[in-house]
Amino acid sequence: MPDRSFGRRARAAAAVALLALAVAAPASAGLLGIGEPEGGRVELPPPAPPPLRTDKLVPVVSPAQSAVAIGVDPASISIMSDGIVRYVSVARSLAGNAVNATYEGIRCSTAEVKLYARHYAEGEWQLQETPTWVSLYEPRARTSLAIAKAGVCKDASANLSPQQILLDMRGDPNRGTP
């Protein structure tokens, strides 16, 4: 005669495990947590893209096997009251003959990035018609994820200020290790 209590125990254990995952998932989201936009704040319209500057870029570790060097324009970093960090990222070919830039925003609380405009070597900023949020963990967002990890985000929140972002990106020796 089959032991029906085993089936009930297995279903109960599975239900407990699912409940534990549902409760623990928000707490264990880790760097760039997943959740609602910054405190439920509504996204503000982004400022117009700043003038493109390629001098004084703060280098960011490029994704593996990248053929470009990535840098962030320190003068472009801003954090508005919506909690979104906006900045200009500049990509140069290792040969130095091609330069592209993006104006984007990172929402640390949901681990997402939004591309507002692109700038190619010759020309002006080209605004995106319908910018949308994309997960930082998608392959096309590797550079944005590197920027987020370099100092834009602290856990699931925007870093304290543009100045602190720059200190973290530059590896401030007085900061110590967390």
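Strand S5, which spans residues 99–107, is mostly covered, with eight of its nine residues buried. This description comes from a predicted model, and strand S5 makes a friendly place to begin exploring it. On one side of the pairing pattern, strand S4 (residues 85–93) runs antiparallel to S5, and eight bridges join the two. Within this pairing, Arg86 stands opposite Gly105 of S5. The two strands form a hairpin with five residues between them, where Gly96 takes a positive phi near 85 degrees. S5 also pairs with S6, again in the antiparallel sense, over seven bridges. Here Tyr103 has Ala117 in S6 as its bridge partner. The hairpin of S5 and S6 has four residues between the strands, and Ala111 in its turn shows a positive phi of about 55 degrees.

The aromatic residues come next. How many aromatic pairs does a search of the whole structure find? The search gives two. In one pair, the ring centres of Tyr103 and Tyr116 lie 5.6 Å apart and the planes meet at 45 degrees, so the pair is described as tilted. The cut-offs make the reasoning clear: planes under 30 degrees apart count as stacked and those over 60 as edge-to-face, which means that the rest are tilted. Tyr103 belongs to strand S5 and Tyr116 to strand S6, 13 residues apart, and the pair links distant parts of the chain. Both Tyr103 and Tyr116 are buried. Together with Trp125, these two tyrosines form one aromatic cluster. Another ring is involved in a different kind of arrangement: the charged end of Arg107 sits over the ring of Trp133, at 4.2 Å from the centre of that ring.

Just before Trp125 in the numbering comes Glu124, which is found in the loop between strand S6 (112–119) and strand S7 (125–127). Is Glu124 buried or exposed? Its relative accessibility is 62%, so Glu124 counts as exposed. Leaving aside neighbours within four places in sequence, Glu124 is in contact with Arg118 and His119. The C-alpha atoms of Glu124 and Leu52 are separated by 8.8 Å, although these residues are 72 apart along the chain.

Attention now turns to the nonpolar interior. The largest nonpolar core has 24 residues, of which Ile77, Tyr87, Ile106, Ile147, Val152 and Met169 touch the most other members. Two or more residues each are given to this core by strand S1 (58–60), strand S2 (68–72), S4, helix H2 (142–152) and helix H3 (162–170). Helix H2 provides the largest share, five residues. Ile77 offers a good view of the surroundings: not counting residues up to four places away in sequence, Ile77 touches Val72, Val85, Arg86, Tyr87, Pro162, Ile165, Leu166 and Met169. There is also a second, separate core of 10 residues, which includes Val88, Tyr103, Tyr116 and Ala117. The tilted pair of Tyr103 and Tyr116 is thus found again in this second core.

Helix H3 has two contrasting sides. Ile165, Leu166, Asp168 and Met169 are buried in H3. Viewed down the helix axis, the buried residues of H3 fall within an arc of 165 degrees, so they line one face of the helix. An α-helix has 3.6 residues a turn, so residues three or four places apart point the same way. On the other side of H3, Gln163 and Arg170 are exposed. The cover over the buried residues of H3 includes S1, S2, strand S3 (78–79), S4, H2 and strand S9 (153–154). Just after H3, Gly171 takes a positive phi of about 70 degrees.

Strands S1 and S2, which help to cover H3, also pair with each other in the antiparallel sense over three bridges. In this pairing, Val60 has Ile70 in S2 as its bridge partner. S2 pairs with S4 as well, over five antiparallel bridges, and Ala69 stands opposite Arg92 in S4.

These details fit into an overall layout of three helices and 10 strands. Along the sequence, the protein follows the pattern α-β-β-β-β-β-β-β-β-α-β-β-α. Of the 178 residues in the protein, 35% are buried. Among contacts between residues at least 6 apart in sequence, 49% join residues at least 24 apart.

Notes. This is a predicted model: local features need pLDDT of at least 70, side-chain atom pairs count only at pLDDT 80 or more; totals for chains, interfaces and linings use all residues. Side-chain values use heavy atoms; hydrogens and water are left out. Buried means under 20% relative accessible area, exposed over 50%, partly exposed in between (1.4 Å probe, protein chains only). Contact means heavy atoms within 4.5 Å. Two strands pair if DSSP finds at least two bridges between them. Rings of Phe, Tyr and Trp (its six-membered ring) pair if their centres lie within 6.5 Å; planes under 30 degrees apart count as stacked, over 60 as edge-to-face and the rest as tilted. A charge sits over a ring if NZ of Lys or CZ of Arg is within 6 Å of the ring centre and within 35 degrees of the ring normal. A nonpolar core is a set of buried Ala, Val, Leu, Ile, Met, Phe, Trp, Tyr and Cys residues joined through side-chain atoms within 4.5 Å. The arc is that of the directions from the helix axis to the C-beta atoms.
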